[in-house]
Amino acid sequence: MKKLLLVLFVLTAFAANSILCRIALKNGHADPETFSMLRLLGGAATLFAWHLARRKLKEIRWKMIDALLLCAYVLFFSLAYVQLNTATGALLLFGAVQVCMIGWGVIKGERVSGSRACGILIAIGGIITLLLPGATAPPLAAAVTMVASGLAWGAYSVRGKNIRSPAGTTTGNFILSLPVILVLTLIRQAPVHVDASGIILALLSGGLASGIAYVLWYALVATLSSATASTLQLSVPCIAAAGGVLFLGEMPDLRMLLCTLAVLAGIAIVIASDRKLREKMDKNVF
């Protein structure tokens, strides 16, 4: 039950990032570069303060590659959401994550059983049916940028399966990402625009929905197969779409509800398949 609650919190936090970012950019509260920088700053400050309060600064780990992936994910994410709506952006993001994580799992020898493949296809089919038909095609540049963000997050998640200190590593990643995004922002020379609402939205996204959620995700992803971890994330576009209904005025319909059920059913099939495989492996051991 505890693990389930943590998973639900993390997935909701992931969706909250899409909603908070879209609100800030759509309503002109911040430009994408400034929002990204404040988001990373919020995550770094929150996690550093947590380590400082516990007097465990020595636990912070410095992994430059992970920091670059985190920075790429956050910056591309914000740049893409200037032109994408909440649901379409989440679809492109986590579709790319799905391809990246499952592809890496197959390369590393993870078994994709028939039932697991069926569950993945049902979940993907549910998202495609929910978000694509009837919607205008997203701008190509924005779509490619969001896919790049998803690939960066997928690689970040895959690398997270091999770490031993989720909190320390995540803290170091956020801190190292700050000078990187500062340099990128200076290179782009984009005009800075942010108001009080934009600052609050970015800090909430960085401190709570990113920093704390990523620590928990790092801890969880080490206990999940790549297929399960990536398929769980397919529920995020559904949550984000619901958030769009509440905060951005998008009205739900029967198709949205049915497709959400399809995604959840696909996730359940993948999880059940992994559970059966683990039980079979345990029996073989004994």
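Two residues are in contact when they have heavy atoms within 4.5 Å of each other. The exercises below use this idea on a predicted model.

**Exercise 1.** Find which residues of α1 meet which residues of α10, and describe how the two helices cross.

*Solution.* Begin with the contacts themselves: on the side of α1, the residues L11, T12, F14, A15, S18, I19 and I23 take part, and they meet V236, I239, A240, G243 and F247 in α10. Sorted by class, this contact has nine nonpolar, three polar and no charged residues. Next, consider the geometry, in which the axes of α1 and α10 (residues 236–247) come within 8 Å and cross at roughly 45°. Angles under 35 degrees count as roughly parallel and those from 65 to 115 as roughly perpendicular, so α1 is oblique to α10. Finally, the crossing in which α1 passes α10 is right-handed. As a general remark on such contacts, an α-helix has 3.6 residues a turn, so residues three or four places apart point the same way.

**Exercise 2.** Describe how α1 packs against α2, and state which residues meet.

*Solution.* First take the axes: α1 (residues 2–26) and α2 (residues 32–53) pack at an angle of about 140°, with their axes 10 Å apart. Because an angle must be over 145 degrees to count as roughly antiparallel, α1 is oblique to α2. The handedness comes next, and α1 passes α2 in a right-handed crossing. The last step is to list the contacts, in which N17, L20, C21, A24 and L25 of α1 meet P32, F35 and R39 of α2. By class, there are six nonpolar residues, one polar and one charged.

**Exercise 3.** Check whether the span of α10 agrees or disagrees with its number of residues, and then say which of its residues are buried.

*Solution.* The helix α10 has 12 residues, and at 1.5 Å a residue these should span 16 Å. The expected span is 1.5 Å times one less than the number of residues. The end C-alpha atoms of α10 are 16 Å apart, which agrees with the expectation. As for burial, V236, P237, C238, A240, A241, G243 and G244 are buried in α10. Just after the helix, G249 takes a positive phi of about 80°.

**Exercise 4.** Locate R55 and decide whether this residue is buried or exposed.

*Solution.* R55 lies in the loop between α2 and α3 (64–80). Its relative accessibility is 79%, and because exposed means over 50%, R55 counts as exposed. Its backbone also deserves attention, since phi of R55 is near 55°, a positive value in a residue other than glycine.

Methods
Residues are numbered from 1 along each chain as its sequence is written. This is a predicted model: local features need pLDDT of at least 70, side-chain atom pairs count only at pLDDT 80 or more; totals for chains, interfaces and linings use all residues. Side-chain values use heavy atoms; hydrogens and water are left out. Axes are lines fitted to C-alpha atoms, for helices over the stretch in contact, and angles run from 0 to 180 degrees between N-to-C directions. Helices (H or I, at least four residues) and strands (E, at least two) are DSSP runs, numbered from the N terminus. A crossing is left-handed if the near helix is turned anticlockwise from the far one by less than a right angle, and right-handed if clockwise. Ala, Val, Leu, Ile, Met, Phe, Trp, Tyr, Cys and Pro count as nonpolar, Asp, Glu, Lys and Arg as charged, and the others, Gly among them, as polar. Buried means under 20% relative accessible area, exposed over 50%, partly exposed in between (1.4 Å probe, protein chains only).
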